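Hello,

Here is the structure we talked about handing over. Please have a look at it, then read my notes below.

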Amino acid sequence: MTTLATQNRSKGAGSTPLINVQNLTKSYTAGEVVTKVLQGISFNIEKGEFVSIMGPSGSGKSTLMHILGFLEKATGGHYEFEGKDITKLQDDELAKMRNEKIGFVFQAFNLLPRTTVLENVKLPLTYAVGKGDINETAKQVLESVGLGHRLDYYTNQISGGEKQRVAIARALVNNPTIIFADEPTGNLDSKSGVQIMEILQRLNNAGNTIILVTHETYTSEHAKRIIQIKDGKIIDDYPVLNRRVAHDGETLK
Ligand code: ADP
Ligand code: MG
């Protein structure tokens with residue numbers, strides 16, 4: 001059985017930060033109107049960190065996450081991932097990096113409909129080469145998020161909390177360098193939300209790097225560091241001293 005700890009292979013060493021952004025900007029232009037969504041964002045993120053990007057709705061969190069996850073390009077500024085200048089990459093190179101390095105978890109789960117839990121988690125592996133028995137790998141990751149008993153359920157037959165755990169398993173199955181979770185508890189009841197935060201903390205304890213996007217102070221305090229943004233600018237960046245530990249009293253497995 002692959003544990004969450006062995007999921008996280010060594011990601012390399014050295015002093016190069018995993019993520020280095022300098023003066024990142026993003027604007028949208030519609031006709032003559034230019035909306036400045038990100039207005040000069042700078043920070044480093046090291047391997048193994050658990051960071052919350054926190055700020056009110058509309059502050060630019062998702063936009064920032066999309067740029068960090070190679071889903072969108074910045075308008076200006078500098079972005080290095082593992083020391084590599086991302087701004088110079090072509091779309092196909094970005095897509096390859098995204099498939100290999102990034103796991104995404106979204107508020108709306110984004111699972112395939114009319115498809116089983118197992119098939120959803122196997123999907124990222126079908127693009128990867130040399131992954132061994134993809135059925136077995138997907139099963140093991142689903143077991144690690146407590147869903148070993150739901151493999152053949154269709155995604156419309158499981159609860160919201162279970163859907164989000166499928167999404168986490170799908171994000172993990174390629175053994176990504178970093179996991180981005182955008183408001184992952186936003187569509188969940190509080191108990192399911194606690195379970196999701198518990199899994200994210202467990203993954204981070206096993207060495208995974210996690211960036212959580214949230215507008216809620218309470219949720220953000222499950223991370224080890226908070227980068228607070230407002231109107232597309234960083235207004236604070238600090239370690240969480242009294243970190244919340246998610247525990248719902250039940251062990252998923
Ligand atoms: P958050 O995730 O913090 O709620 P977003 O990053 O989604 O914020 O959005 C920040 C701002 O950027 C919002 O004002 C939003 O309307 C605007 N925005 C986001 N995407 C686009 C787009 N594709 N075109 C124009 N404006 C956009
Ligand atoms: Mg958002």
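In which loop is arginine 114 found? Arginine 114 sits in the loop between β6 (102-106) and α4 (117-126). Keep in mind throughout that this is a predicted model.

**Backbone**

Arginine 114 has a positive phi of about 50°, although it is not a glycine. Most residues other than glycine have a negative phi. With a relative accessible area of 73%, arginine 114 is exposed.

Glutamate 82 is another such case. Its phi is positive, about 50°, and it is not a glycine. Glutamate 82 belongs to the loop between β4 and β5 (84-85). Its relative accessible area is 29%, so it is partly exposed.

Two glycines also have a positive phi. Glycine 146, just after α5, takes about 75°. Glycine 207, just after α7, takes about 105°.

**Ligand 1**

Which residues surround ligand 1? They are Tyr28, Val37, Pro56, Ser57, Gly58, Ser59, Gly60, Lys61, Ser62 and Thr63. By type, this shell divides into three nonpolar, six polar and one charged. Helix α2 gives the largest share of the shell, three residues.

Please check these polar contacts on screen:

- Glycine 60: a polar backbone atom is 3.1 Å from an oxygen atom of ligand 1.
- Lysine 61: a polar side-chain atom is 2.9 Å from an oxygen atom of ligand 1.
- Threonine 63: an N or O atom in the side chain is 2.5 Å from an oxygen atom of ligand 1.

On its own, ligand 1 has 560 Å² of accessible area, and the protein covers 55% of that.

**Salt bridges**

How many salt bridges does the structure hold? There are 10. Side chains of opposite charge can pair when their charged atoms come close. Here are some of the pairs.

Glutamate 72 and lysine 26 form a salt bridge, with N to O at 3.7 Å. Glutamate 72 is in the loop between α2 (61-68) and β4 (76-81), and lysine 26 is in strand β1 (residues 19-30), so the pair ties together parts that are 46 residues apart in sequence. Glutamate 72 is partly exposed at 23% relative accessibility. Lysine 26 is at 10% and counts as buried.

Aspartate 91 pairs with lysine 73, and their closest N and O atoms are 3.0 Å apart. Aspartate 91 lies in helix α3 (residues 91-101) and lysine 73 in the loop between α2 and β4, so this bridge ties together parts that are 18 residues apart in sequence. Is aspartate 91 buried or exposed? Aspartate 91 is exposed, at 54% relative accessible area. Lysine 73 is partly exposed, at 41%.

Lysine 88 and aspartate 85 are also bridged, with 2.8 Å between the closest N and O atoms. Lysine 88 is exposed, at 63% relative accessibility. Aspartate 85 is buried, with a relative accessible area of 17%.

There is a network as well. Salt bridges link Glu49, Arg225 and Asp237.

**Helices α5 and α7**

What caps the N-terminal end of α5? Aspartate 133 does: a side-chain oxygen lies 3.1 Å from the backbone nitrogen of asparagine 135. Helix α5 covers residues 134-144, and its buried residues are Thr137, Ala138, Gln140, Val141, Leu142 and Ser144. Glycine 146 then follows the helix, with the positive phi given above.

Helix α7 has 16 residues, 190-205. At 1.5 Å a residue, α7 should span 22 Å, and its end C-alpha atoms are 22 Å apart, so the two values agree. At the start of α7, a side-chain oxygen of aspartate 189 comes to within 3.1 Å of the backbone nitrogen of lysine 191.

Which residues of α7 are buried? The list is Ser192, Gly193, Gln195, Ile196, Met197, Glu198, Ile199, Leu200, Gln201, Leu203 and Asn204. Glycine 207 comes just after α7.

Over to you.

Best wishes

Conventions: Residues numbered from 1 in each chain as written. Chains lettered and ligands numbered in written order. Predicted model: local features only at pLDDT ≥ 70, side-chain atom pairs only at ≥ 80, totals over all residues. Heavy atoms only, no water. Helix = DSSP H or I, 4+ residues; strand = E, 2+ residues; numbered from the N terminus. Expected span 1.5 Å × (residues − 1). Buried < 20%, exposed > 50% of the residue type's maximum accessible area, 1.4 Å probe, protein only. Polar contact = N/O pair within 3.5 Å; in protein donor to acceptor, adjacent residues only side chain to side chain. Salt bridge = Lys/Arg side-chain N within 4 Å of Asp/Glu carboxyl O. Near = heavy atom within 4 Å. Areas by Shrake-Rupley, 256 points an atom, 1.4 Å probe, with all protein chains shown as cover. Nonpolar A, V, L, I, M, F, W, Y, C, P; charged D, E, K, R; others polar.
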